Amino acid sequence: MLKIENLHVEVDGKPILKGIDLEVAAGEVHAIMGPNGAGKSTLAYALAGREGYEVTAGSATFEGRDMLAMEPEERAAAGLFLGFQYPVEIPGVATLTFLKTSVNALRRQRDEEELSALEFMKLVREKAKDLDIAEAMLKRPVNVGFSGGEKKRNEILQMAMLAPKFCLLDETDSGLDIDALKIVADGVNALRSPERGMLVITHYQRLLDHIVPDRVHVLADGRIAKSGDKSLALELEEKGYAAFGAEKAA
Ligand code: ADP
Ligand code: MG
Ligand code: MG
C-alpha cells in the first residue's frame, strides 16, 4: 500500500532523512520508534507533503501512485491522514465547522454526496462519544485552549471522521495520561481493518502495549537502523536507543 524507497529529505538545506526504505501492506500496522531528532516527524511531514521538506532522492508510492508528485490535498483525497505531534490551533473556526468542512471536502473530491447537517451531527456525536469528547468541546475553536490530551483526542476524532485508507500518527501518545492513552488507542484500534494501513510513530514503548504493531522499525540519524516484530519495542525499552547506533540515547 505504502512503499518508500531510498527516501532522502532535506530541511533548510540540511539532510535529515538519509535513505529510508519501508513498505506497509494494507491491513498492517507498523511502528516507527526513535530518539528525539532522529527524523520521525520529518518522515511524516515529507509523506504528507509539508512545505519546506525537500525530497532530494528516492520515491514514495501510495497504492502504486507517486505520492511525492501530489499536492497535500491530493494525498488526503487519495486517503492519507496525518495526525500531528503538535496539533495546530485554529482560532475563530469551531471544531464542528472544521470537521464538517473537511469531511465534505473529501467527499466532493471523491465524487461522493456531501453529508447533510443531520447525517454529519449523528456521525460526529457517535465518534466523539467513543473518544470521550464532550459536545461543548466541539463548539470551541479547533484546539484553542484544549489540553494536550484533548488535542490528541481531537486528532483521532478527525481521523475517525475522515476514515482514511492510511493513518500516519506522529507521537499521538505524547501528552496523554494512561486513561486518555487507552481511549486514543481504542479509537485507533477501532480503525484497524484489512483494507487500512497504519504507521504509528512513537518515542515510547507503552503506546505499543495498546496498539500492537505487526512490525517495528528503529529510526536513528535519518535511517532505519533495525526492523523487527513487536518484541523489538520491548528490547528498545530495555536497552535504550544507544544500543541501536542512535547518536542520542533515549
Ligand atoms: P523527531 O520527530 O524524530 O524528533 P524531527 O523530524 O522533528 O525528529 O527532526 C529531525 C532533525 O531535523 C532535527 O535535527 C531537527 O532539528 C531538524 N528539523 C526538523 N524540522 C526542522 C525545521 N522545520 N527547520 C529546521 N530543522 C528542522
Ligand atoms: Mg521530537
Ligand atoms: Mg517528532
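In this predicted model, Ala31 is in contact with Val200, Thr202, Leu208, Pro213, Val216 and Ala233, its neighbours within four places in sequence being left aside. Ala31 belongs to strand 3, which covers residues 29-33. The residue is buried, because 24 other C-beta atoms lie within 10 Å and the threshold for burial is 20 or more. One of its contacts, Val200, is separated from Ala31 by 169 residues in sequence, yet the C-alpha to C-alpha separation of the pair is 4.6 Å.

Val200 also stands out in the largest nonpolar core. This core contains 66 residues, and Leu168 and Val200 are those that touch the most other members. In soluble globular proteins, nonpolar side chains tend to be buried together. With residues up to four places away in sequence not counted, Leu168 touches Ala44, Leu47, Ala48, Leu80, Phe81, Leu82, Gly83 and Leu199. Among these, Ala44 and Leu47 are buried residues of helix 1.

Helix 1 spans residues 40-48. Eight of its nine residues are buried, so the helix is largely enclosed by the rest of the structure. The buried positions are Lys40, Ser41, Thr42, Leu43, Ala44, Tyr45, Ala46 and Leu47. Just after the helix, Gly49 adopts a positive phi of about 90°.

Helix 1 also contributes to the surroundings of ligand 1. The shell around this ligand consists of Val11, Asp12, Ile16, Gly34, Asn36, Gly37, Ala38, Gly39, Lys40, Ser41, Thr42 and Gly52. Three of the shell residues come from helix 1, which supplies the largest share. By residue class, the shell comprises seven polar, three nonpolar and two charged residues. Lys40, Ser41 and Thr42 appear in the shell and are also buried within helix 1.

An open sheet is formed by four strands in the order 2-1-4-5, with antiparallel pairing. Strand 2 (14-24) and strand 5 (65-66) occupy the edges; each has a single partner strand, so one side of each is left without a neighbour in the sheet. Strand 1, residues 2-11, pairs with strand 2 in the antiparallel sense over eight bridges. Within this pairing, Leu2 is placed opposite Val24 of strand 2. The shell around ligand 1 includes Val11 and Ile16; strand 1 ends at residue 11, and strand 2 covers 14-24.

Conventions:
Residues numbered from 1 in each chain as written. Chains lettered and ligands numbered in written order. Predicted model: local features only at pLDDT ≥ 70, side-chain atom pairs only at ≥ 80, totals over all residues. Near = placed C-beta within 6 Å. Helix = DSSP H or I, 4+ residues; strand = E, 2+ residues; numbered from the N terminus. Nonpolar A, V, L, I, M, F, W, Y, C, P; charged D, E, K, R; others polar. Pairing = 2+ DSSP bridges. Buried ≥ 20, exposed ≤ 12 C-beta atoms within 10 Å, placed from the backbone. Core = buried A, V, L, I, M, F, W, Y, C linked by C-beta atoms within 7 Å. Contact = placed C-beta atoms within 7 Å.
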